[in-house]
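Dear colleague,

Here is the structure I wanted to hand over to you. What I found in it follows below.

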Amino acid sequence: MSEQEPTESPQYELDDETQSLIEVALNCLMTLADAQLDEDARLNLVTIGDALADAFGIVQLELEQDTTDSGEVIYKPKGGIFPNEDS
């Protein structure tokens, strides 16, 4: 029995309008995932979203939510805007 190498999902070229629609659909999917009460259901939806993003070449960005003392909600990229420079 021969082992098959894992296949990469195909990447599709999208025009700007279609890419924007796919991004909106993926954002909706992630919002739906966050609303799940069952952790397995949430992870399944995230896995589907990750596979779709990969297939369409959509860059994923995780955000952190922070609330200021005045109650203002600020979203920023996880890990900050700029990478840490430890040199």
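How far apart, in helical turns, are E39 and R42 in helix α2? Being three residues apart there, they are separated by about one helical turn, where a helix is a DSSP run of H or I with at least four residues, numbered from the N terminus.

Please keep in mind that this is a predicted model, in which local features need pLDDT of at least 70 and side-chain atom pairs count only at pLDDT 80 or more, while totals for chains, interfaces and linings use all residues. Residues are numbered from 1 along each chain as its sequence is written, and side-chain values use heavy atoms, with hydrogens and water left out.

The side chains of E39 and R42 meet in a salt bridge at 2.8 Å, N to O (a side-chain nitrogen of Lys or Arg within 4 Å of a carboxyl oxygen of Asp or Glu), and the structure holds one such bridge. Side chains of opposite charge can pair when their charged atoms come close.

E39 counts as partly exposed because its relative accessibility is 43%, and R42 is partly exposed too, with a relative accessible area of 24% (buried is under 20%, exposed over 50% and partly exposed in between, with a 1.4 Å probe and protein chains only).

R42 also brings us to L32, which lies ten residues away in sequence and 8.1 Å away in space, C-alpha to C-alpha. L32 is found in helix α1, residues 16–34, and counts as partly exposed at 44% relative accessibility.

With best wishes

Key:
Helices (H or I, at least four residues) and strands (E, at least two) are DSSP runs, numbered from the N terminus.
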